[in-house]
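Colleague: I am new to this structure and would love a close look at one part of it. Could you walk me through the nonpolar core?

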Amino acid sequence: MIIPIGLEDASVRRIPYVAIAILALNILVFFGVNVFGSTGDDLALAAQRDLLDYWHQHSYLKLPKEFAQTPLLEDTSAKQVKQFLSEQQADLSRTAKADPAFEQKHLDALYRSFREARDRTFWYRWGLVPARGPLQRGWISHLFVHGGWLHIIGNMFFFFFLVGPFLEDVWGRRFFPLFYLAGGLVAGFSQCLLSWSSEDPIVGASGAISACVGAFAVRFASRRVKFLYYWFGTLRGGAFFLPAWVWAIFYFGEDVLSLWFYGSGAGVAFAAHIGGFLFGLGVAVALTKFGLEEKYLQPGLDRALGVKRIDPAVTQAEEARLAGRFDEARRSYEQLLRKPSTNLDALIGLARTSIDAGRPADAVRWVERMLAAIPKNDTELAATLAAELGPRLPPDRISPRLKAKLVELQQAAAAQAPVAPDANAGPNSTDPGAVSQAALSSPAPVMAVPTSTCTSLSSPVYACAFVGRNGRNYLVASEQGQRFELAPEQVKMIASAVVETLLFRGQPLQNVIVTDLVLDWQPEVGPSIARFLSPYFGLEQLFPGQPPSLELHRAFLDELTAVSGARRLSAAPPGSDADAAINFSDIAAFERLFYPTAAR
């Protein structure tokens, strides 16, 4: 026996509420009917028994021709009628009673009573019955009805532990339930195609789940599925892994072969499985091949997660500005002004470029346009940019209106900052993140006091900077001026992304690359984190002679990942580039994604 039992990487970025709701609804329906309610089977079985017993006693009567197409309920009487029908030809010597017309009417009435009782059972009322045609509630309701314990346990295990939450995680809470229901509809239609006149009800979520399996095989093709195997009659067993696309081939092939050998009347809706799988496969291919997921689904998901993707052209323009190639940066940013998605980023970049290049008139013009483009409800971003750029503008070129706006925003930024500086900061430390030379020279084996100015976590977070190397170890200075050696083996996990606005010890920082090295994680405490912010990271200390850049930062992360064996946490959606440039609106959004159980 070989069964899939889970995924090697079962992480999701937020709670899968839709998948939980689908799971809960299926369980509630099952328990409500099978445990606490009544399916109506007893009455239908009694009516079926009365019909067959009367017919057995009056074998010369004729059942309606529809009887041959009427499925019998599971009961010992079904076996009895089959035996009786086989013996009927040898039993025709029975003589008719005094009033055969009355007896025929009574048999017809018993048949109608059986049909009515059967149609009132839960399975027939809420299942998908092909013979009813296209206008029936069973198209949707059959997805939440299951016939027994093994049926619902198998379906819900497959759905919740193998496919559902992970598709919801990348497709969002709006699209995923629509996809799930559509997959169930297509699966039900596929089964009906083979038996339009059948009165057997189709029940179960397996068609919709097969659609999820088909989509998972494309969207998470390389995700590894864990299998458990056990040899009956022995004590031997174990586990192994296969890529999702390989699992999907076996899953689909098993249904195709089963339909080929057993047909559509074997008690399992193999055609529904096949139709659902092909539907899910097609949807995932279309979303991926034509960029529909990135264009229509990802933006809404990013907003919900507090994530902002950076256009690669914005990154290139910013690198040109930081490298002093101001004309190149200006031209790149002006091209980005034409795209609505990068308009604000371009205005911010043009304002900074003009200031850095010593063009005050242009700087004032771009700052005015930048402030006008910032959404009115994003006062924090406006205040942070005003605090950063306002003091660098020439006062004689600022209009009274712009000056009043900058003063207002700078006051708002000051109100958001801590009232007093950190009492644990090193002496004579005026630069955020800087450490005194005396402190750097003195040994300090541990970080005693966590920071409270660049985190929303309740667990310990230490603001740090790299100050050099000692062999394969890294020399690190904490915000409080302590110095220690960090061995690569001490790093358990690595998280890195861009945070748009961050207040660090009263100073507003913009577009900061936050890099977290998780050194420990106790369930009752949460993660213990050494946090490095890009303005004070210390790349120049780790790579002397090389100017800091995004490429150098990525090279360091790759180096540390390789030598430490740490798990690299990614803000990118599962299945996409783990190093994709992604922004978070603030540090709280960053921490909610990477440390959901520890975030306040």
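Modeller: Happy to; here is a tour of that core, with a short stop beside it. This is a predicted model, in which local features need pLDDT of at least 70 and side-chain atom pairs count only at pLDDT 80 or more, while totals for chains, interfaces and linings use all residues. Residues are numbered from 1 along each chain as its sequence is written, and side-chain values use heavy atoms, leaving out hydrogens and water.

A nonpolar core here is a set of buried Ala, Val, Leu, Ile, Met, Phe, Trp, Tyr and Cys residues joined through side-chain atoms within 4.5 Å. Buried means under 20% relative accessible area, exposed over 50%, and partly exposed in between, with a 1.4 Å probe and protein chains only.

The largest such core has 42 residues, and Phe-159, Trp-171, Phe-179 and Trp-247 touch the most other members. Among the elements giving it two or more residues are helix H1 (17-34), helix H7 (149-193) and strand S2 (224-230). Helices (H or I, at least four residues) and strands (E, at least two) are DSSP runs, numbered from the N terminus. H7 supplies the largest share, 13 residues.

Let us stop at Trp-247. Leaving aside residues up to four places away in sequence, Trp-247 touches Pro-4, Phe-158, Leu-162, Val-163, Val-213, Phe-216, Val-225 and Phe-227, where contact means heavy atoms within 4.5 Å.

Trp-171 leads us to Glu-294: the two are 123 residues apart in sequence and 9.7 Å apart in space, C-alpha to C-alpha. Glu-294 sits in helix H11 (residues 292-305) and counts as exposed because its relative accessibility is 63%.
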